[in-house]
Amino acid sequence: METFFNERLFGPQRHALLVADQDDTHTAKRRDTERRRQALQKKVADATRKQDNLLRQAEDPDDPFT
């Protein structure tokens with residue numbers, strides 16, 4: 001624990017270490033946000049496809065399910 005304080009809080013490189021840690025955190029958050037955005041876009045595209053299929057089926061007078 002003493003090493004942590006000596007290096008991270010009171011050491012000469014404390015600013016560089018802090019900035020590096022923050023950059024890693026921001027990068028991870030951006031990646032997570034991008035993954036979630038892609039997953040939501042996939043769900044929207046799937047819902048749109050299903051909706052289009054239902055409308056096409058409903059508009060087809062020869063479809064036995066309408």
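Let me start in helix H2, where Lys-50 and Asp-46 sit four residues apart and are therefore separated by about one helical turn. I should say straight away that this is a predicted model, and that what I describe today concerns its salt bridges. Lys-50 and Asp-46 form one of these, with their closest N and O atoms 3.4 Å apart. As for solvent, Lys-50 has 46% relative accessibility and so counts as partly exposed.

Asp-46 has a further partner, Arg-49, and in that salt bridge the closest N and O atoms are 2.5 Å apart. Both residues belong to helix H2, where a spacing of three residues places them about one turn from each other. Asp-46 is partly exposed at 29% relative accessibility, and Arg-49 is likewise partly exposed, its relative accessible area being 45%. Taken together, Asp-46, Arg-49 and Lys-50 are linked in a network of salt bridges.

Now to another pair, Asp-32 and Arg-36, which form a salt bridge whose closest N and O atoms are 3.7 Å apart. Why are these two separated by about one helical turn? The reason is that they lie four residues apart in helix H2, which covers residues 14-59. Is each partner buried or exposed? Asp-32, at 33% relative accessibility, counts as partly exposed, whereas Arg-36, at 53%, counts as exposed because the cut-off for that class is over 50%.

To close with the overall tally, the count for this model comes to four salt bridges, and those I have walked through include the Asp-32 and Arg-36 pair as well as the network of Asp-46, Arg-49 and Lys-50.

Technical notes:
Residues are numbered from 1 along each chain as its sequence is written. This is a predicted model: local features need pLDDT of at least 70, side-chain atom pairs count only at pLDDT 80 or more; totals for chains, interfaces and linings use all residues. Side-chain values use heavy atoms; hydrogens and water are left out. A salt bridge is a side-chain nitrogen of Lys or Arg within 4 Å of a carboxyl oxygen of Asp or Glu. Buried means under 20% relative accessible area, exposed over 50%, partly exposed in between (1.4 Å probe, protein chains only).
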